[in-house]
Amino acid sequence: MSKVTEREREERLAEKLTKGEKVISVDEMSQEYKEHLVHLMTMQADSELAGAYGYVPWIMKSPSIQETLTVSQIVKDEVRHGRVMYRLLEGLGFPVQDYYESHNFNLRVNEEDIGTQRAADDKRVNIFYYPIDTWYDFIMFNFCMDRGAGHQLEDAKDCSYKPWCDVMEGIFKEEAMHMAHGDFWVKKLAGDKATHDEAQEALNRWYPRTMNIFGRQNSPKNKIYRKLGLKKRDNEEVRQTFALEVKQRCQEFGLAVPDWKPVESKMLEEPFIPG
Ligand SMILES: [Fe+2]
Ligand SMILES: [Fe+2]
């Protein structure tokens, strides 16, 4: 049997994607497809794991035994999401064990604003470099970041790589619970005079950081992802969907949506997938 050339592979893949069919095995991938897929899935896997580590102290510092259990559950969910994603990567030949051993997913940066910098060579979305110092931070992370991740997941749930879609279904449900946990607490803290101002301050910190994760409008990378069926919408569309939902919740809970303007130098070239 003659060997399939890269050109033939690309053509077959393009045909498949045009018909709306999904990729199941590595044999069906072009080099370009595989590289972008591995990159996006690594971003997700690293973000899930770094996210879990950031929550760990709040198992012990939570305000009640009930919350200790809830935070433990959230940590377990995020570790599971990471594990599931690394297993998919393993199936594509990614050296997961070496990668795990050579990175510190617990690394955090103590700065108010790190723009788009990555503090190390893992691929987590850079919001996961900020420490979660207070219960308000933890709650706002659920409220903003889990919500932002949920909007990104919408695209991944029906992307062109079938094994990824399959795991997204379960991940999405768990992320929705994290977000609901955030909503419950934001409503409670914002509705109480004694805690309202601190809730607003935490929102002022986490909202702009979350708005920065979606990537630039019309980014060239986003166009490639869309061509490959790994994304469906422009980064800006996802951001605006997120912003509208936060606005509605804030009106309901009596919080002011902080100002946010796109600062080119602070915009990620690439969008984040989930966390
Ligand atoms: Fe989450
Ligand atoms: Fe997650």
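# Helices packed together: a chat about a predicted model

Reader: Before I look at single helices, what share of the contacts with a separation of 6 or more comes from residues 24 or more positions apart?
Author: In this structure, which is a predicted model, residues 24 or more positions apart account for 71% of the contacts in the protein that have a separation of 6 or more.

Reader: And how many helices and strands are there?
Author: The protein has 10 helices and zero strands, and from the N terminus on its elements read α-α-α-α-α-α-α-α-α-α. Its radius of gyration is 19 Å, close to the 19 Å that the globule rule gives for 275 residues, so the protein is as compact as a globular protein of that length.

Reader: What box do the C-alpha atoms fill, and what percentage of the residues is buried?
Author: Taken along the principal axes, the box filled by the C-alpha atoms is roughly 75 × 35 × 30 Å, and buried residues make up 39% of the 275 residues.

Reader: Okay, helix pairs now. What do people use to describe two packed helices?
Author: Two packed helices are described by the angle between their axes together with the distance between those axes.

Reader: Then what are those values for helix 4 and helix 7?
Author: The axes of helix 4, which covers residues 65-91, and helix 7 come within 11 Å and cross at roughly 160°. That angle makes helix 4 roughly antiparallel to helix 7, because angles over 145 degrees count that way. The crossing in which helix 4 passes helix 7 is left-handed.

Reader: Which residues meet there?
Author: From helix 4 there are Thr-70, Ile-74, Asp-77, His-81, Val-84 and Leu-88, and they meet Pro-163, Trp-164, Val-167, Ile-171, Glu-174, His-178 and His-181 in helix 7. Sorted by class, this contact has seven nonpolar, four polar and two charged residues.

Reader: Helix 7 packs with helix 8 as well, so at what angle and how far apart are their axes?
Author: Helix 7 (residues 162-190) and helix 8 (residues 193-211) pack at an angle of about 125°, and their axes are 6 Å apart. Helix 7 is therefore oblique to helix 8. On the helix 7 side, Val-186, Leu-189 and Ala-190 meet Thr-195, His-196 and Ala-199 in helix 8, and the residues of this contact divide into four nonpolar, two polar and no charged.

Reader: What about helix 6 and helix 10, how are they arranged?
Author: Helix 6 (residues 135-157) packs with helix 10 (residues 235-253) at an angle of about 140°, with the axes 10 Å apart, and these two helices are therefore oblique to each other. Helix 6 passes helix 10 in a right-handed crossing. The contact is made by Arg-147, Gly-148, His-151 and Gln-152 of helix 6, along with Val-238, Thr-241, Phe-242, Glu-245 and Val-246 of helix 10. By class it holds three nonpolar, four polar and two charged residues.

Reader: I clicked on Glu-252; is that one buried or exposed?
Author: Glu-252, which is found in helix 10, counts as exposed because it has 12 C-beta neighbours inside 10 Å. Glu-252 is also 65 residues from Lys-187 in sequence, while the two are 8.3 Å apart in space, C-alpha to C-alpha.

Reader: Last one: where does Asn-218 lie, and what is its phi?
Author: Asn-218 lies in the loop between helix 8 and helix 9, and its phi is near 55°, a positive value in a residue other than glycine. With 10 C-beta neighbours inside 10 Å, Asn-218 counts as exposed.

Conventions:
Residues numbered from 1 in each chain as written. Chains lettered and ligands numbered in written order. Predicted model: local features only at pLDDT ≥ 70, side-chain atom pairs only at ≥ 80, totals over all residues. Axes fitted to C-alpha atoms, helices over the stretch in contact; angles between N-to-C directions. Helix = DSSP H or I, 4+ residues; strand = E, 2+ residues; numbered from the N terminus. Parallel < 35°, antiparallel > 145°, perpendicular 65-115°, else oblique. Contact = placed C-beta atoms within 7 Å. Nonpolar A, V, L, I, M, F, W, Y, C, P; charged D, E, K, R; others polar. Left-handed = near helix turned anticlockwise from the far one by under 90°. Rg over C-alpha atoms; globule rule 2.2 N^0.38 Å. Buried ≥ 20, exposed ≤ 12 C-beta atoms within 10 Å, placed from the backbone.
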